[in-house]
Amino acid sequence: MKTKSIAIIGGGPSGCALAILLKRAGHKVAVFYLEKRPEIIVGESLVPAVVPMLKALGVEEEVKSYSTYKPGASVWLSKDEVTSSPFSAGKGKIEPYAYNVPRVKFDKTILDKAKSEGVTFFEHIAKIEKTGNSDELKLAAETIDFCNDFFNGQPDWIVDCTGRTRTIARLLDIPVKTGKRKDVALFAHLSGAEKIEPCNIHLHRLHKGWSWRIPLVDRTSIGVVINPKHLPEYGNTLEEQYDNYLKADDALSGFTANAKRETSVVKYSNYQLISERFYGKNWVLTGDAGGFLDPIFSTGLFLALKGAFRLAKTI
């Protein structure tokens, strides 16, 4: 069967990048999404392998305009022992730099690019249904009606880009494998924290876990990853736990002594997961909808975008 139409469920970077590439290839494609993003989103420190994809999408210059140039990474084994590695030391074929990005702006850049290239968007939570006992899925009648039968019936493919909502995986009860670590991550944006030059991502080994510091244009993203059993000793709310932990750890307290938290505190507890199936008769999972990793290597956006590029080529 020659693919003609694709319904993409989810308008994050993976879904919008896929839509751009499929639209350029001449397919009939529509994205179902609600344009509502959290105040801050994890995954702000890109790896160099993302840059060629930004160039291919035609968005690098816009991303560069509101991001910080990231030449490498620094790892603190203790309060006074740091090792830094510039990307240029890798001597690879890709660019020796990346960007630290405010995710709300970054995600909007990819979405706006898709709109500018003529991708159709429907501000609607698409309802997906099973087709009998088969492995085939379909858009519910109410969703077909909402989009005015855009696909002239059912789309040839339904792609799940709903991230950790994992719409299709939950619908089909697809088994998953999870990692052994059950840590949680708390993070927020701070102003007035100690400046980082050059703007590497900094990873710190702490007494009870580890943390990241990501320099953005006017703020610093600071996250702590910790065994949840320790959190009650720092307070009852996420804000109390986060603020008090930064004060209690001697490494972080030095960097944040004069800082002010500018956002609420966000908690992530479900990472290190992979679905045992990524596709079926007429459906595919990509990005976090299929799986995600411990954030220490900043692979989230890379995997989401790489999945979109590979899937577009496959379709």
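Q: Why does the span of α1 agree with what a helix of twelve residues should give?
A: In this predicted model, the twelve residues of α1 should span 16 Å at 1.5 Å a residue. The end C-alpha atoms of α1 are 17 Å apart, which agrees.

Q: What makes α1 a mostly covered helix?
A: A residue is called buried when its relative accessible area is under 20%. In α1, ten of the twelve residues are buried, so the helix counts as mostly covered. Among them are Pro13, Cys16, Leu18, Ile20 and Leu22.

Q: What is special about phi at glycine 26?
A: Glycine 26 comes just after α1, and its phi is positive, about 95 degrees.

Q: How do you know that the length of α9 fits a helix?
A: Helix α9 holds 15 residues, 300-314, and at 1.5 Å a residue they should span 21 Å. The C-alpha atoms at its ends are 21 Å apart, so the two values agree.

Q: Which residues of α9 are buried, and why are they said to be on the same side?
A: The buried ones are Leu301, Ala304, Leu305, Gly307, Ala308, Leu311 and Ala312. They cover an arc of only 155 degrees around the axis, and that puts them on the same side of α9. Here is a handy rule: an α-helix has 3.6 residues a turn, so residues three or four places apart point the same way.

Q: What makes Arg310, Lys313 and Thr314 exposed?
A: Exposed stands for a relative accessible area over 50%. Arg310, Lys313 and Thr314 are exposed, and they lie on the other side of α9.

Q: Which elements do the buried residues of α9 pack against?
A: They pack against three helices, α1, α2 (51-57) and α4 (103-116), and against the strands β10 (157-160) and β19 (283-285).

Q: Why do β10 and β19 count as a pair?
A: Pairing needs at least two bridges. Three bridges join β10 to β19, so they count as a pair, and they run parallel. Isoleucine 158 stands opposite tryptophan 283 in β19.

Q: What makes β7 and β19 edge strands?
A: The open sheet has five strands in the order β7-β2-β1-β10-β19, with parallel pairing. β7 (120-123) and β19 each pair on one side only, and they are its edge strands. From one strand to the next, the twist averages 20 degrees.

Q: How do you know that β4 and β5 pair?
A: The cut-off is at least two bridges. Six bridges join β4 (residues 72-78) to β5 (residues 81-86), so they pair, and they run antiparallel. One bridge partner is serine 85 in β5, which goes with alanine 73. With two residues between them, β4 and β5 form a hairpin.

Methods:
Residues are numbered from 1 along each chain as its sequence is written. This is a predicted model: local features need pLDDT of at least 70, side-chain atom pairs count only at pLDDT 80 or more; totals for chains, interfaces and linings use all residues. Side-chain values use heavy atoms; hydrogens and water are left out. Helices (H or I, at least four residues) and strands (E, at least two) are DSSP runs, numbered from the N terminus. The expected span of a helix is 1.5 Å times one less than its number of residues. Buried means under 20% relative accessible area, exposed over 50%, partly exposed in between (1.4 Å probe, protein chains only). The arc is that of the directions from the helix axis to the C-beta atoms. Contact means heavy atoms within 4.5 Å. Axes are lines fitted to C-alpha atoms, for helices over the stretch in contact, and angles run from 0 to 180 degrees between N-to-C directions.
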